[in-house]
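Please examine the sequence and the structure shown below. The paragraphs after them are intended as a guide to side-chain contacts and burial.

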Amino acid sequence: MNEYKNVPVVALRDVVVFPGTTVYFEVGREATVKAVNEAMHGKQYIFAVAQKDPKVEHPKQNDLFEIGTLAQVKQLVTMPGNVVRVIIVGQEKMKLGSLVLEDGYYKADLEKVEESRQISYDIETIALIRGLKDLFSVYVNERGRINKNVVDEIMDCTDLDSLINQIATGMQVNYQFKQKILAETDIYQRHEDISVILSREIGILRIQDDVAKRVKSQVEENQKEYYLHEQIKAIHKELGDDDSETDADRYGEKLSKLKASKKVKKKIDEEIKRFKLTNSNSSESAVIRGYIETLLSIPWKKMSEDNTDIVNAEKVLNEDHYGLKDVKEKVIECLAVKAIKKDGYSPIICLVGPPGTGKTSIAKSIARAMNRKYIRICLGGVRDEAEIRGHRRTYVGAMPGRIIAGIRSAKVKNPLILFDEIDKMGADYKGDPSSALLEVLDPEQNRHFSDHYVELPVDLSQAMFICTANSLDTIPRPLLDRMEIIELSGYTENEKFHIAKNYLVDKQRIANGLTKEQFNISDKGIYTIIENYTREAGVRGLERKIGTLCRKAAVEAAKDQTAKVRISNRNIKKFLGNYKYTLDLVSDSSQVGIVRGLAWTSVGGDTLEIEVNIMHGKGALQLTGKLGDVMQESAKIALSYVKSQVADILEDDFFGKHDIHLHVPEGAVPKDGPSAGITMATAIYSACTGKKVRADAAMTGELTLRGRVLPIGGLKEKILAAKAAGVKMVIVPEKNRKDVEEFDGEVTDNIDIRFVTNAPEVWKLVLES
């Protein structure tokens, strides 16, 4: 078909479309947008033709070139501002006929353009193709910014016409040259034209490269001149003609006053000399300046005097914290060693315990007691080794690690450094920060701590390190091996009461601007908050509830300055609402198949009743209560052991004719761990034999397949939970006796603790005959 009627016309600015090429462009003129939309809804063809003058906003026929390309519209994407992004593929070279404006856009009749000479694919043509590709390769090497995929596509082309079109599209030249190539009907002439343009562009690019080299040489010459000028300035200063103080001179004065080793001073002096020889306007000057200022601000030998008065330390620690006997003893031991041996190492302490038990605040109190500067470095979520060791100076924006930054801010080499949340570090492609801490937390290595930015060994041996963690499970073993572990268990009810009365009430009252006359809370009111409004191992929730009461009182005080708010257990519901927690007290009567177990949670201890039912069936064991894998295995072990113990009591086919259902209440709460093994075995044994279990007894311990009761953890919290629930007798493994002996009398008073080694001992104590 040699004639095309009423084809939508798209006038392009600075763009020439060649047959066989894909072109991306954006259109915003109303007529053009309508034309491409009409094409998309019709036969998807447009006539893409370049404007002679790109500045003409509404081109007529005389403003357009005669030769263009029939193109197929592949995709339209509407962008903000009524702009349309168009993707078209050139199909065939066409000649523009009469241009007509209809429906808001131009249409035209087109004529096909015939080639004046046909190409014959002989040796000459192959030579033309190879020569053109070689010329294009040189152009690409000189230009260096052409998409690799485009280059590969052009180099794979075997048709001379397509090769010319592809190269013309990929070249970054004026659209007038491209239009000339498109309009030429002789393929050999087109080859000659594009070869001339490529050669011309290669020459221009080489000239640009030569100019750039000359400019670089001139810049180097300017640097030489700058150096000579600086020498002249120095001579003038010696002669007294210039008394102005430069930055380098100030750094030199600071260096002369700096207390540091010869190696450090030599390094700083070398950097100051480099700084003098560097152009102050260059980026290198700013890097050197920052490095010099960092080295000068590090306290290489400056130390604060420790307060080794043990009586004062005990007083400070007791003022800030109630209880925490083990931690305070460890601090006093450190102070005693420091008092005797001034250059002795401080042990690296790791405080481990539930949230809200005072781990972070005790570190601050230790710093106050020892008169040391306090630095807190939170490691929660840190995944980059550079946070510890710093960045190499080759990086833009490089800086020292957090440890060096902290020592700089403290201005002494022996601060107390707290690594908070050390168990919550991560690792990724940027390195493992926990591995970087191995050097920091080793007294034998941290004397020569290496920071990537500082590039000089820094002595950390005089610093005191304290770490905090909620759990030891995620801390790598080599790192754990370097620390002395002090476990902070949950507070007892009595300890929480004293902490609230002696510390938290006054703290929140002052924080909310109240006087003692305006706000007061009774002892029973504090106990009610502890028992019925919080359930935690620490005291954060307790402090929040007291803060809520203070804010309620502040509202009353804002309305009437003479108002006085008195909180007691009788009116506390008015301020805090109904009770959030109630204790699951022991039953009044013994029952079959129900045994009270003891559990440890992240917010303290808890009691839970394990229930077992025996039903007619086929010997299946059904477990419910959202039990974890370990707890499910404990249940299977318990059943196997019970089967081995009741063979002489029950019928031989008892377990073959009955199903056993074991349930742990609060079914929506996930539960796991081996410590309920003996509890499950007792419940199954009771349900199978029909013997009742004492209601006021509770137990904990891991059970083996041969009936031994193994030790467990979290015993203090478990015993406290048992006392709160009204349990009279607690059964614990014999191997936990040493733990019980360390507990205060407040934990073990008014409760009968029995130690057992195997399951039959437990059954004798709790089963009624």
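The text that follows treats aromatic pairs, charges over rings, a strand, a surface patch and salt bridges in turn.

The model is predicted. Across the whole structure, a search identifies nine aromatic pairs. In the pair formed by Phe419 and Phe465, the ring centres are 5.7 Å apart and the planes meet at 5 degrees; since planes under 30 degrees apart count as stacked, this pair is stacked. Phe419 belongs to strand β9 (residues 416-420) and Phe465 to strand β12 (residues 464-469), so the contact ties together parts that are 46 residues apart in sequence. Phe419 and Phe465 are both buried.

A stacked aromatic pair is also formed by Tyr685 and Trp763, with 3.9 Å from centre to centre and 15 degrees between the planes. Tyr685 lies in helix α23 (residues 677-689) and Trp763 in helix α27 (residues 759-766), and the pair thereby links distant parts of the chain, 78 residues apart. Tyr685 counts as buried because its relative accessibility is 8%, under the cut-off of 20%. Trp763, at 7% relative accessibility, likewise counts as buried. Tyr641 joins Tyr685 and Trp763 in one aromatic cluster.

The loop between β11 (457-458) and β12 contains Gln462. With a relative accessible area of 11%, Gln462 is buried. Its C-alpha atom is separated by 9.3 Å from that of Leu416, although the two residues are 46 residues apart along the chain.

Rings also meet charged side chains. Arg393 is placed over the face of Tyr291, 3.6 Å from the ring centre. Lys573 lies over the face of Tyr579, at 4.5 Å from the ring centre. Arg393 further takes part in a network of salt bridges, in which it is linked with Lys267, Glu271, Arg274, Glu284 and Glu455.

How do the side chains of strand β2 (residues 22-27) alternate, and which of them are buried? Val23, Phe25 and Val27 point to one face and are buried, whereas Thr22, Tyr24 and Glu26 point to the other face and are not buried. Strand β2 pairs with strand β5 (residues 83-102) in the antiparallel sense, over six bridges. Within this pairing, Glu26 stands opposite Arg85 in β5.

A nonpolar patch occurs on the surface, where Ile207, Val211 and Val215 make up about 250 Å². Ile207 is part of helix α6 (residues 187-238). Because its relative accessibility is 55%, Ile207 counts as exposed.

The structure contains 38 salt bridges. One of them joins the side chains of Arg482 and Asp442, at 3.5 Å from N to O. Arg482 lies in the loop between α16 (477-481) and β13 (484-487), and Asp442 in the loop between α15 (433-440) and β10 (449-450), so this pair ties together parts that are 40 residues apart in sequence. Arg482 counts as partly exposed at 25% relative accessibility, while Asp442, at 14%, counts as buried.

Another salt bridge connects the side chains of Arg694 and Asp696, with 3.0 Å from N to O. Arg694 has a relative accessible area of 28% and is therefore partly exposed; Asp696, at 23% relative accessibility, also counts as partly exposed. The side chains of Asp752 and Arg754 likewise meet in a salt bridge, at 2.9 Å from N to O. Asp752 is partly exposed, with a relative accessible area of 30%, and Arg754 counts as partly exposed at 33%.

Definitions and conventions. Residues are numbered from 1 along each chain as its sequence is written. This is a predicted model: local features need pLDDT of at least 70, side-chain atom pairs count only at pLDDT 80 or more; totals for chains, interfaces and linings use all residues. Side-chain values use heavy atoms; hydrogens and water are left out. Rings of Phe, Tyr and Trp (its six-membered ring) pair if their centres lie within 6.5 Å; planes under 30 degrees apart count as stacked, over 60 as edge-to-face and the rest as tilted. Helices (H or I, at least four residues) and strands (E, at least two) are DSSP runs, numbered from the N terminus. Buried means under 20% relative accessible area, exposed over 50%, partly exposed in between (1.4 Å probe, protein chains only). A charge sits over a ring if NZ of Lys or CZ of Arg is within 6 Å of the ring centre and within 35 degrees of the ring normal. Two strands pair if DSSP finds at least two bridges between them. Patches are made of residues with over 30% relative accessible area and no salt bridge: like charges are joined within 9 Å, nonpolar side chains (Val, Leu, Ile, Met, Phe, Trp, Tyr) within 5 Å. Accessible areas come from the Shrake-Rupley method with a 1.4 Å probe; for residues, only the protein chains shown count as cover. A salt bridge is a side-chain nitrogen of Lys or Arg within 4 Å of a carboxyl oxygen of Asp or Glu.
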